[in-house]
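Welcome! Take a moment to look over the sequence and the 3D view below, and then we can walk through them together.

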Amino acid sequence: MRIDYVDGLLQTSLTLIYKGQALTIDKLVIDTGASHTFYLLLHQLLAKGH
């Protein structure tokens, strides 16, 4: 699996095959679940009046 780091996001491609039909999704963003860290930091900054 190839994973690229593009504009701050992890991206890959995914190919799904069902009954002989293939569908490839390019530039699929991998969600690591780390966004909650950003919102926690933003909330703390706003609470301090920044």
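A good place to begin is a pair of strands: β1 and strand β2, which covers residues 9–18, run antiparallel to each other and are joined over 3 bridges. To see one of these pairings in the view, find Y5, whose bridge partner in β2 is L10. Please keep in mind that this is a predicted model.

**The sheet as a whole**

Stepping back, the open sheet consists of 3 strands, arranged in the order β1-β2-β3 with antiparallel pairing. Its edges are formed by β1, residues 4–6, and β3, residues 21–29, each of which pairs on one side only. On average, and with direction ignored, neighbouring strands of the sheet are turned by 30° against each other.

**A nonpolar patch on the surface**

Which residues make the nonpolar surface patch? They are L14, L16, L23, I25 and L28, and the patch measures about 380 Å². Both β2 and β3 supply at least two residues each to the nonpolar patch. The most comes from β3, which gives 3 residues. If you would like a landmark, L23 lies in strand β3.

**Around R2**

Now turn to R2, which takes part in two contacts worth finding in the view. Side chains of opposite charge can pair when their charged atoms come close. The structure holds 1 salt bridge, and the side chains that meet in it belong to R2 and D4, at 3.0 Å from N to O. The backbone of R2 has a partner as well: its oxygen lies 2.7 Å from a polar atom in the side chain of T12. T12 itself is part of strand β2.

How open to the surroundings are these three residues? The table sets them side by side.

| Residue | Relative accessible area | Class |
|---|---|---|
| R2 | 63% | exposed |
| D4 | 30% | partly exposed |
| T12 | 10% | buried |

The classes follow from simple cut-offs: T12 counts as buried because its relative accessible area of 10% is under 20%. R2, at 63%, counts as exposed because that value is over 50%. D4, with 30%, falls in between, so D4 is partly exposed.

Put together, the salt bridge links the exposed R2 with the partly exposed D4, while the backbone oxygen of R2 also lies 2.7 Å from a side-chain polar atom of T12, a buried residue in strand β2.

Methods:
Residues are numbered from 1 along each chain as its sequence is written. This is a predicted model: local features need pLDDT of at least 70, side-chain atom pairs count only at pLDDT 80 or more; totals for chains, interfaces and linings use all residues. Side-chain values use heavy atoms; hydrogens and water are left out. Two strands pair if DSSP finds at least two bridges between them. Helices (H or I, at least four residues) and strands (E, at least two) are DSSP runs, numbered from the N terminus. Axes are lines fitted to C-alpha atoms, for helices over the stretch in contact, and angles run from 0 to 180 degrees between N-to-C directions. Patches are made of residues with over 30% relative accessible area and no salt bridge: like charges are joined within 9 Å, nonpolar side chains (Val, Leu, Ile, Met, Phe, Trp, Tyr) within 5 Å. Accessible areas come from the Shrake-Rupley method with a 1.4 Å probe; for residues, only the protein chains shown count as cover. A salt bridge is a side-chain nitrogen of Lys or Arg within 4 Å of a carboxyl oxygen of Asp or Glu. Buried means under 20% relative accessible area, exposed over 50%, partly exposed in between (1.4 Å probe, protein chains only). A polar contact is a pair of N or O atoms within 3.5 Å; within protein, one must be able to donate a hydrogen and the other to accept it, and residues adjacent in sequence count only if both atoms are side-chain atoms.
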